[in-house]
Amino acid sequence: MNKTLLINPVIGFSPPIGLLYIAAVLEKHCIPVAVEELNTYGQKNYDFSELIQKINEEQYKIIGITCLTSSIGVVKQLIREIKKKCRGCTVVVGGPHATVLPEEIINVGADIALVGEGESIFLELMKRIEEGTSYQDVPSLVYRLNDRQPYYSTPRKIGYEDVNKIPHPAYHLI
């Protein structure tokens, strides 16, 4: 199974709970996952060289990034660096900014924008990428289908996960 790295680009006052829920779901399904938090707050040009080296050395194939509107500048820089220096990685961006402006995320170079709650969607997407099968019927995704059609959007999943079925956040990863 492809190794996955989930990235919180800006350490805040609370843990990246959304990423930790996704990590817990992946762990429950025996998918190797790690979480990386970056201290980029207030920096214009962050040096991602250590992170890029880690991605390449650990051979992560799926990179998930959470994005708040306040961190879009650093997320754009991060996406560009990963796409330029980490061959074969699929970059998936979720979070509030990707939910509201998914086309902006795709225009920067991310492979997929995940819209809305991501726990089960990210898991299904990972399975499809691993199998090399189409994810055109996986809900709540925006991505480039081909050069002629800039965006392809699957129908949005309405409603929330049953929180009783989601494992507790994977706090041990941070």
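This passage describes the nonpolar cores, the last assigned helix, the backbone at two loop residues and a surface patch in a predicted model.

The largest nonpolar core comprises 30 residues, and those with the most contacts inside it are Ile 7, Ile 55, Ile 63, Ile 65, Ile 82 and Val 93. Two or more residues are supplied to this core by each of strand 1 (3–8), helix 2 (49–58), strand 3 (60–66), helix 3 (72–85), strand 4 (90–94) and helix 5 (102–108). Of these elements, helix 3 makes the greatest contribution, with six residues. The surroundings of Ile 55 illustrate how the core is assembled: when residues up to four places away in sequence are left out of account, Ile 55 touches Leu 5, Tyr 60, Ile 63, Ile 82, Cys 86 and Cys 89. Another core, of 25 residues, lies apart from the one to which these contacts belong, and includes Leu 6, Leu 19, Ala 23 and Met 126.

Met 126 is also one of the buried residues of helix 6, which are Glu 119, Ile 121, Phe 122, Leu 123, Leu 125, Met 126 and Arg 128. The cover over these residues includes strand 1, helix 1, strand 3, strand 4, strand 5 (112–114) and strand 6 (141–143). Helix 6 itself runs over residues 119–131, and because a rise of 1.5 Å a residue predicts a span of 18 Å for its 13 residues, the distance of 19 Å between its end C-alpha atoms agrees with expectation. Just after helix 6, Gly 132 adopts a positive phi of about 75°.

Most residues other than glycine have a negative phi. Against this background, Cys 30 has a positive phi of about 60° although it is not a glycine, and Gln 59, likewise a residue other than glycine, has a positive phi near 55°. Cys 30 is found in the loop between helix 1 (17–28) and strand 2 (33–37), whereas Gln 59 lies in the loop between helix 2 and strand 3. With a relative accessible area of 67%, Cys 30 is exposed, and Gln 59, at 54% relative accessibility, also counts as exposed.

On the surface, Ile 17, Tyr 171 and Ile 174 form a nonpolar patch, with a combined accessible area of about 280 Å². Within this patch, Tyr 171 is located in the segment after strand 7 (152–153), and its relative accessible area of 44% places Tyr 171 among the partly exposed residues.

Key: Residues are numbered from 1 along each chain as its sequence is written. This is a predicted model: local features need pLDDT of at least 70, side-chain atom pairs count only at pLDDT 80 or more; totals for chains, interfaces and linings use all residues. Side-chain values use heavy atoms; hydrogens and water are left out. A nonpolar core is a set of buried Ala, Val, Leu, Ile, Met, Phe, Trp, Tyr and Cys residues joined through side-chain atoms within 4.5 Å. Buried means under 20% relative accessible area, exposed over 50%, partly exposed in between (1.4 Å probe, protein chains only). Helices (H or I, at least four residues) and strands (E, at least two) are DSSP runs, numbered from the N terminus. Contact means heavy atoms within 4.5 Å. The expected span of a helix is 1.5 Å times one less than its number of residues. Patches are made of residues with over 30% relative accessible area and no salt bridge: like charges are joined within 9 Å, nonpolar side chains (Val, Leu, Ile, Met, Phe, Trp, Tyr) within 5 Å. Accessible areas come from the Shrake-Rupley method with a 1.4 Å probe; for residues, only the protein chains shown count as cover. A salt bridge is a side-chain nitrogen of Lys or Arg within 4 Å of a carboxyl oxygen of Asp or Glu.
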